[in-house]
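Q: I am new to this structure and would be grateful for a close look at a single part of it. Please describe the empty spaces in the model and the elements around them.

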Amino acid sequence: MSQFVRPELAELPAYVPGKPAPVGPGGVSYKLSSNENPFPPLPGVLEAVAAACARMNRYPDMANAAVIEATADRLGVAGDQLAFGSGSSGVLYHLIQATCTAGDEVVFAWRSFEAYPIAVRLTGATPIMVPLGPGGVHDLDAMLAAITPATKMILVCSPNNPTGPAIGHDELAAFIAAVDGRALVVLDEAYREFVATPPRTIELIKDHPGLVSLRTFSKAYGLAGFRVGYCIADPALAGAVRKTAIPFGVSAPAQAAVIASLAAERELLDRVAVIIERRDALLSRLRATGLEVPDSQANFVWLPLGDRTTAAVKTFTEAGLMVRGYGDDGLRITVGEPEACDLAVEVAGTLVN
Ligand SMILES: *Cc1c(COP(=O)(O)O)cnc(C)c1O
């Protein structure tokens with residue numbers, strides 16, 4: 001490593017993106033490794049983006065004013081409670097930068113979203129990783145017990161990527177009450193749209209200014225390639241995130257895509273309902289093969305295969321399905337096209353012996 005690079009970077013794991021789709025027998029090829037939306041852009045989005053592209057010589061609106069107004073309207077919050085960035089990962093980086101420094105501790109569950117340890121270490125803060133409980137759920141009691149005077153932030157991923165279970169409103173409210181302002185609680189709701197009964201997060205933020213919600217347009221809204229996410233927070237915190245954000249971090253076509261996507265809510269909800277139906281069918285069909293599969297409230301399912309994971313990923317890949325393996329823990333399958341789900345069940349059936 002170059003002598004000019006900060007020593008912390010040596011310990012930093014690299015973010016590993018989902019691999020592209022392999023080509024299986026007969027040209028079968030599906031990418032089920034990044035929790036992307038299998039649907040094409042929502043109605044009106046391509047046109048809005050094309051119009052924005054025609055003005056690519058101009059900078060986008062740095063304040064994201066139209067995007068903030070449309071989102072605030074939809075959510076019923078004040079515009080100054082929102083801060084946008086390049087995906088909710090980008091917003092998380094900014095939020096951590098705005099709140100944490102060397103010596104601070106950031107508590108989160110493990111396994112969870114792999115961007116967390118990287119984002120935390122980049123600021124010089126220390127990740128405190130609390131093992132998930134049985135069934136891939138957050139062990140909230142253990143996370144509470146991990147709080148020390150150095151704890152600055154607790155990251156809660158619900159539904160948890162990559163395992164799937166979500167935390168209910170009452171459980172979340174009790175957790176926030178128990179944290180009692182000792183640390184900032186950041187609720188990563190990247191998959192919120194797929195949850196049957198999501199928590200009333202905005203109501204909780206009103207009572208607890210130390211709660212932040214992270215949201216993204218990458219998953220349910222199908223804009224992963226455009227990189228837009230945001231947080232909902234107390235105005236003072238949202239303002240701090242806007243201050244740390246990279247100038248013009250949300251491109252003009254991405255801003256146009258968000259506004260057009262928000263205007264297509266009926267179609268969005270229809271598509272989300274289809275994905276939820278496919279997910280529930282996938283869960284029960286996978287369980288019917290005899291595999292152990294935890295609950296999922298997201299657009300993916302988790303197979304906790306332990307040391308059989310690497311071999312299983314290879315089996316899926318050879319069939320034309322790119323799934324996402326996580327060491328010796330398990331593998332994650334995104335709910336994709338109906339044919340891809342059928343094939344996933346078929347391949348999973350061969351793993352049982
Ligand atoms: C996908 C995902 C995000 C959002 O990613 P962006 O594309 O950066 O908005 C955030 N958190 C989790 C847990 C995710 O899986």
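A: The following account takes the pockets and the cavity in turn, and then the helices beside them.

The model is a predicted one. Its largest pocket holds about 480 Å³ of space. Of the 27 residues that line the largest pocket, Tyr15, Ser34, Ser89, Phe113 and Lys219 are the closest to its centre. Among the contributors to the lining of the largest pocket, α3 (87–99) and β11 (324–326) each provide at least two residues. Sorted by class, this lining comprises nine nonpolar, 10 polar and eight charged residues. Because domain 1 (2–40 + 266–349) and domain 2 (45–263) both give residues to the lining, the largest pocket lies between them.

The second largest pocket has a volume of about 370 Å³. It is lined by 18 residues, of which Arg192, Glu193, Arg215, Tyr221 and Glu265 are the closest to its centre. Two or more residues of this lining come from each of α2, β7 (211–216) and α10. The largest share, four residues, is that of α10. By class, the lining of the second largest pocket divides into 11 nonpolar, two polar and five charged residues. The second largest pocket also has residues from both domain 1 and domain 2 in its lining, and therefore lies between them.

Apart from these open spaces there is a closed one. The count of cavities of 30 Å³ or more comes to one, and the largest cavity has a volume of about 50 Å³. Its lining consists of Asn37, Phe39, Pro40, Pro41, Leu42, Ala220, Tyr221, Gly222, Leu268 and Arg271. Seven of these lining residues are nonpolar, two are polar and one is charged. Domain 1 and domain 2 each supply at least three residues to the lining of the largest cavity.

Helix α10 (265–288) deserves a closer description. It has 24 residues and reaches 34 Å from its first C-alpha to its last, close to the 34 Å expected at 1.5 Å a residue. Within α10, the buried residues are Leu268, Arg271, Val272, Ile275, Arg278, Arg279, Leu282, Leu283 and Leu286. Leu268 and Arg271 also belong to the lining of the largest cavity. A general point helps in reading such a list: an α-helix has 3.6 residues a turn, so residues three or four places apart point the same way. The cover over the buried residues of α10 includes β9 (300–303) and α12 (338–351). Just after α10, Gly290 takes a positive phi of about 105°.

Helix α10 is in turn part of what covers the buried residues of α9, as are α1 (45–53) and α2 (65–75). The 12 residues of α9 (residues 252–263) should span 16 Å at 1.5 Å a residue, and its end C-alpha atoms are 17 Å apart, which agrees. Nine of the 12 residues of α9 are buried, so this helix is largely enclosed by the rest of the structure. The buried residues are Pro253, Ala254, Gln255, Ala256, Ala257, Val258, Ala260, Ser261 and Leu262.

Helix α2 leads to one further residue. Gln81 is placed in the loop between α2 and β2 (82–85). With a relative accessible area of 15%, Gln81 is buried, because buried means under 20%. Neighbours within four places in sequence left aside, Gln81 is in contact with Ile205, Cys231, Ile232, Ala233, Pro235 and Ala238.

Technical notes:
Residues numbered from 1 in each chain as written. Predicted model: local features only at pLDDT ≥ 70, side-chain atom pairs only at ≥ 80, totals over all residues. Heavy atoms only, no water. Expected span 1.5 Å × (residues − 1). Buried < 20%, exposed > 50% of the residue type's maximum accessible area, 1.4 Å probe, protein only. Contact = heavy atoms within 4.5 Å. 1 Å grid on protein atoms, 1.4 Å probe; cavity = no way out; pocket = protein on both sides within 12 Å on 5 of 7 lines; lining within 4 Å. Points joined across faces, edges and corners; volume = space filled by probe spheres on them. Nonpolar A, V, L, I, M, F, W, Y, C, P; charged D, E, K, R; others polar. Domains from an automatic or database assignment.
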